[in-house]
Amino acid sequence: MSLITLQNAGFDYGRQVILDGVNLTIHAGERYGLVGVNGAGKSTLIRLLAHELEPLRGQIQRASRVRVGYLTQDTRLESDEGLLEAVCNTAFAEILELERDLEELTRRMGEGEDTPELLEEYGRLHERFEAADGYTLRARCETALMGLGFSTGRFDQAVSTLSGGQKRRAALAAVLLGGFDVLLLDEPTNHLDLDAREWLEENLVARPGAMIAISHDRAFLDNTTDFTLHLYNGRLDRFQGNYTKFMRQWVEQKAQWEERFRRQQEKITRTEAFIRKNIAGQRTSQAKSRRKQLARMDRIEAPPSEGRSYHFDFKPARSSGQVVFEAKGLTQRFGDLLLYRKLDFQILRGEKVGVIGPNGTGKTTLLRALTREIVPTEGTIVTGHNVDIGYYDQNLSLVNDANTVLGELRALDPMASDGDLRSLLAAFGFDEDMIDQPIRSLSGGERARLSLLHLIFERHNTLLLDEPTNHLDTDSREALEAALVDYPGTIICVSHDRYFLNRIVDRIFAFETRTGGGIDGDGAVVGVRQYLGNYDDYRRKKKQEEEERRTAPEGARDETPPANRPADPQATRPPTPIPTDGSVRKRQLSKNQLQRIRREIQDLEEEIALLEEDIELLGRKMSTGKLEGAALAKAAQDVARLQAILEEKMQRWEERNRLMERS
């Protein structure tokens, strides 16, 4: 069923063409990601679909009674009511009106007014109320609010007292609950932590309505969309598949486009040269013929030049010592609020650590403790030899508001020439008309790029990054990721960007709270658990733990979930839920459990073989004498890291085999 259709739609702001001949049909149940560089017109297109704008050319058609829910980047829920009540009233206004009508009819019947007309009206309204699942309204609101990170303690809090981010999450909950035929979402994952993002994805995939989402969260687009709309130069193209599939198709399509354009331009150049040379000579008839051919030629449009290509390059001025940070018994309290306790860890040179968990649980506090901005309540942090720390905070305070853009770099390198600084700024998207602007006037994305340029100038060997992909568009994020992959120093990064975490980190610190603790910091952190691998590895291990707890024999099951018991700070792998001691003898493992353990043993054997091959290969490279200095030190560090992983895998393999023997 067609819900909204754009036919040859056009829109512009003065001389700036935003949409030019756009055609689009949205059918029921289709989920689209809308992508394009900043300024391409994505928000304008979505406003047309939301009926906030009308096309200046062409037409838009909407199915009768189609209901459209629209969430902008600035949408906030405003109310003096409590949070739960305000969301229910916003999402279910019509159904709550039915409920009030039913209550009024019930009151009248209770007073003896039971005419046939009144009973018939009551039956009709009650049927509509039940069809709308009216008895579960508040339960659905509670589920949505908890899914988006609100603790139950917030439900009665007046919306007017919430932060801007909390009001936007409340508005998102109301839009999700509204039963709209089409959802139009502009950056819906803003202000959401990882758990809330995953809950949102599951909700969107399960709902039957259509959706168009603008987002820089590539994992969100991959997990929720079946089609991708690409907006560029006023044109809109539709691709089958999510963001990753679109990118593969677009890169290939654009390369072919560029090649066809290049060949045609070469042909045009040769033909024009022939015409100029021969138009007045003996071959004038041939020249005129070719001029006619050029006039009739179907010219290939130049491929779009989308945005700028940024290149970040973080080169440390010197290497740090082998141990970068070592923490023992680290505890942080603010009054009665406990953020983390008895945290032990060691971070070695070259490690890339991702820090994840609900907002308000202490992730940024941990970074600030490592920079010595705050003093731990208990415990010690030892910073290693030659450790130069660069700290990128999510408030972008690394740059000075009092400086101009050019003045910021001048303060970092007074000896650099103006030409060099201007060229560098131009490469980062700061044109001549921007370099004398005060930093306070920059947009979030511009300020973020300048902060990264500031870090590049300072040449640190250890980077502490707090939400570095916030404010960056997709191209800038991918350029940053490419630079950090090649960065030889140490990285500790707080992030909710799953694409980023999967590409960059090789170790995860997960802040875990009690059930009911939300992103507002209401739940005490009861563990900071450490996992080897990237974010996907962490999720697999968490699911494995949950499955093992669910299927463990009753007598062997640990009833306390991992997130509710103190973390083992030295652990580099998840605890084993199935016990390996004599208690297993009391009850045989099930057939399914045995099969799962056999599969895990097989997987471990394959991983161990690959690790041994990698260690042997690195050993051969080191023994050739061709590696020197930093390259040799990096290889030795890689060997030590792989050997630590190998030891962990071997221990796990031995535990699993002992468990099989006992069973």
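In this predicted model, helix H5 (residues 137-147) and helix H7 (residues 194-206) have axes that come within 8 Å and cross at roughly 135 degrees. That pair is a good place to start, followed by a second helix pair and then the largest pocket.

**H5 with H7**
- An angle of roughly 135 degrees is not over 145, the cut-off for roughly antiparallel, so H5 and H7 count as oblique to each other.
- On the H5 side, the contact is made by Thr143, Ala144 and Gly147, and on the H7 side by Asp195, Ala196 and Trp199.
- Sorted by class, the residues in this contact come out as 3 nonpolar, 2 polar and 1 charged.

**H2 with H6**
- Helix H2 (residues 83-91) and helix H6 (residues 164-177) also have axes that come within 8 Å, and here they cross at roughly 40 degrees.
- That angle makes H2 oblique to H6.
- As for handedness, H2 passes H6 in a right-handed crossing.
- H2 brings Leu83, Val87, Thr90 and Ala91 to the contact, while H6 brings Ala170, Ala173, Ala174 and Leu177.
- Class-wise, the contact of H2 with H6 has 7 nonpolar residues, 1 polar and no charged.

**The largest pocket**
- Now for the empty space: the largest pocket has a volume of about 1,300 Å³.
- It is lined by 48 residues, and the closest to its centre are Asn190, Asn470, His471, Leu472 and Arg477.
- Four helices, H1 (42-49), H11 (363-370), H14 (444-458) and H15 (474-486), are the elements that give two or more residues to the lining of this pocket.
- Broken down by class, the lining of the largest pocket holds 25 polar, 16 charged and 7 nonpolar residues.

Terms used. Residues numbered from 1 in each chain as written. Predicted model: local features only at pLDDT ≥ 70, side-chain atom pairs only at ≥ 80, totals over all residues. Heavy atoms only, no water. 1 Å grid on protein atoms, 1.4 Å probe; cavity = no way out; pocket = protein on both sides within 12 Å on 5 of 7 lines; lining within 4 Å. Points joined across faces, edges and corners; volume = space filled by probe spheres on them. Nonpolar A, V, L, I, M, F, W, Y, C, P; charged D, E, K, R; others polar. Axes fitted to C-alpha atoms, helices over the stretch in contact; angles between N-to-C directions. Parallel < 35°, antiparallel > 145°, perpendicular 65-115°, else oblique. Left-handed = near helix turned anticlockwise from the far one by under 90°. Contact = heavy atoms within 4.5 Å.
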